[in-house]
Amino acid sequence: MSEGTPLGSLLVETGLITEDQLAEALATQVSTGRPIGRVLIDQGLISESDLVRSLAKQVGLEFVDLTERVIDATVASLIPEGLARRYQALPISWDEDVLVVAMADPSNVLAVDDIRALTGAQVRCVVATSAQIRETIDRFHRLDSEVDDLASQAADELSDNDELANVSAVVEDAPIVKFVNLLITQAVADRASDIHVEPAERDLRIRFRIDGVLHEVMRSPKAIQAGVISRLKVMSDINIAERRIPQDGRMSLTVGGKPIDLRVATLPTVHGEKVVMRILDKNQALLSLQDQGFLPDTLERYERSFRKPYGTVLVTGPTGSGKSTTLYATLNVLNEVQRNIITIEDPVEYRLAGINQIQVNPKAGLTFASALRSILRADPDVLLVGEIRDRETAIIGIEAALTGHLVLTTLHTNDAASTPMRLLEMGVEPFLVTSALDVVLAQRLARRLCDRCKEPYQPSEEELLSARWAMETIDIGDWPTLHRAVGCSACGRTGYRGRFALHEVMPISEEIERLIIERRSVEDLAKVAQMEGMIPLRQDGLRKAAMGMTSIEEIFRVVT
């Protein structure tokens, strides 16, 4: 198919329309004088995206679908909003030293010259629909312009005394409402897990946590602080009159057609209340265990334990290591009609269909321990206890496992081998631990290398030795190929996009039971577990680095 093929023939050749439909459209074109592309769109035969894609092919240019493209905000802001709107053009990425610009009309030589002069870079044009370019410009430029408007409006509406009546009035004010909605929408679009709204002495700082790392996204005028924070508190059903103590709440929104829950916590600071919102994407709760990053042999060891009709499955790791997500993915496997599954959580992060979920309420006397006692009278088959926090909860949970229930729970320990010892330190008898505990799964979250820009390289022997690589597993002439983070527009120049878990699985064997009863050291437990086939966290990470999933530096960051 050569450049210059008539548009109608091109659409027929690509299968978008038939010969008969083209003939009918050409007849309409003759009678109305409208362009053939517009006629086909009006008749519902093709979309604007189809038309622009075909026009791009006709002149030999690349077409990009901006809804499927991850665009770096720093690249998009290389030209001012006014210029972007006037020329219907938006920078979307770097191709080495060449700036890639999406344009609705790439034949506009004046626009290309202006962008080249403004950015000081060579420009390569690609074609996108004008509607998508407008939407993308709105997305990347709306926050800055909105903040400027809000600064003046909120300053007028909020007095220096910041009286509660004024705050209540401004909470329902359209600019504040719009700003908060835009903030949450932007965080979801950027794949953030948390939004931090932090009052400072002279301004309001906004940060997003993306792939476990905090990034500052904007600093807003101090004048809008009271309105924004009060609006967030109203949306979360938190008392806006109380500013002296920490509070927490929850809100549900639909962002981009997806239902999103946000868990909201306030914290009084010297410059005002800080608000942290945890974004709970309901799709996360539907993930499978394979999506968590399990390697086949590790998953098989873990699955042998949670498939048993009774016993205790303990998932351990620091805060934010993905323990809850792993337990939810395990529940998704176990969630069958013939099982009664009950969870006790603080708080309930994800709502799961077909599962009875209870949120602890210490003020009303509903603690993990008291809820557990009541649940055991409700004929459960599987219990999920959000966290073992004290001796009482540990003992009731273990006794539940001994009386024929499968108990899934979490504990804060650094690795699998130290977990039985932590239970002993909490005052649980060794014979109870060995009788009820089936498996310990320790995990960490590591960032996944961006597939678009990761760079392969051959590591030196010194690098492998410092990483404690098992050198005996390397055959002569079969040196591992590792990858390093580079950074591109798709990953926001970080070199990483998304996360997965590193795992170590320690089933409780007879030999490990004997060591627990003898109260032997953590080192002894770890040595025996590794002899029985446990892959330590670091080695699991190194295996995933060898597979190109992450970098050695990231493994060093998350595993000691």
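**Reading a sheet, its helices and a cavity**

Biologist: How many of the 8 residues of helix α16 (residues 418-425) are buried, and what does that say about its place in the structure?

Modeller: In this predicted model, 6 of the 8 residues of helix α16 are buried, so the helix is largely enclosed by the rest of the structure. The general idea is that an α-helix has 3.6 residues a turn, so residues three or four places apart point the same way. In α16 the buried residues are S418, T419, P420, M421, L423 and L424. After the helix comes G427, which has a positive phi, near 105°.

Biologist: Before we go further into details, how many helices and strands are there in the protein chain, and what percentage of its residues is buried?

Modeller: The protein chain holds 22 helices and 18 strands, and 50% of its 560 residues are buried. Its accessible surface comes to about 26,100 Å², with 49% of that belonging to carbon and sulfur atoms. If we take the contacts between residues at least 6 apart in sequence, 63% of them join residues at least 24 apart.

Biologist: How should I read a sheet, and in which order do the strands of the open sheet follow one another?

Modeller: The strands of a sheet pair through backbone hydrogen bonds, and they do this in either a parallel or an antiparallel way. Here 7 strands form an open sheet with mixed pairing, and going across it you meet β12, β11, β13, β14, β10, β15 and β18 in that order. At the edges stand β12 (356-359) and β18 (496-507), each of which has a single partner strand, so one side of each is left without a neighbour in the sheet. From one strand to the next, the twist averages 20°.

Biologist: Which helix packs on the sheet and touches β10, β14, β15 and β18?

Modeller: That is helix α12 (residues 296-306), whose direction makes about 60° with that of β18, and β14 in this list covers 406-411. Another helix, α21 (residues 537-546), lies across β15 and β18 and runs at about 135° to β18.

Biologist: In which sense do β10 and β15 pair, and which residue of β15 is the bridge partner of V313?

Modeller: Strand β10 (residues 311-316) pairs with strand β15 (residues 437-449) in the parallel sense, over 5 bridges. The bridge partner of V313 in β15 is V439.

Biologist: How many residues of strand β11 are buried, and which of them lie on each side?

Modeller: In a regular strand the side chains alternate between the two faces of the sheet. Strand β11 (residues 341-345) has 5 of its 5 residues buried. On one side these are I341, T343 and E345, and on the other I342 and I344, so both faces are covered. As for the partners of β11, 4 bridges join it to strand β13 (residues 382-385) in parallel, with I341 having V382 as its bridge partner. Another 4 bridges join β11 to β12, also in parallel, and there I344 has I358 as its bridge partner.

Biologist: Is H503 buried or exposed, and which residues does H503 touch?

Modeller: H503 is placed in strand β18, and with a relative accessible area of 1% it is buried, where the cut-off for buried is under 20%. Setting aside residues up to four places away in sequence, H503 touches a number of residues, among them Q292, F294, T298, L441, I535, L537 and D540. For a second case, take R543 in helix α21, which at 27% relative accessibility counts as partly exposed. Beyond neighbours within four places in sequence, R543 is in contact with L295, D297, T298 and I535. The C-alpha atoms of R543 and L295 are separated by 9.2 Å, although these residues are 248 apart along the chain.

Biologist: Where is empty space left inside, and which residues line the largest cavity?

Modeller: Rolling a probe the size of a water molecule over the atoms shows where empty space is left. In this model the count comes to 1 cavity of 30 Å³ or more, and about 50 Å³ of space lies in the largest cavity. The lining is made by T312, L372, V385, I388, T393, A394, G397, I398, V407 and T409. Both α15 (391-402) and β14 supply at least two lining residues each, and the largest share, 4 residues, comes from α15.

Note on methods
Residues numbered from 1 in each chain as written. Predicted model: local features only at pLDDT ≥ 70, side-chain atom pairs only at ≥ 80, totals over all residues. Heavy atoms only, no water. Pairing = 2+ DSSP bridges. Axes fitted to C-alpha atoms, helices over the stretch in contact; angles between N-to-C directions. Contact = heavy atoms within 4.5 Å. Buried < 20%, exposed > 50% of the residue type's maximum accessible area, 1.4 Å probe, protein only. Areas by Shrake-Rupley, 256 points an atom, 1.4 Å probe, with all protein chains shown as cover. 1 Å grid on protein atoms, 1.4 Å probe; cavity = no way out; pocket = protein on both sides within 12 Å on 5 of 7 lines; lining within 4 Å. Points joined across faces, edges and corners; volume = space filled by probe spheres on them.
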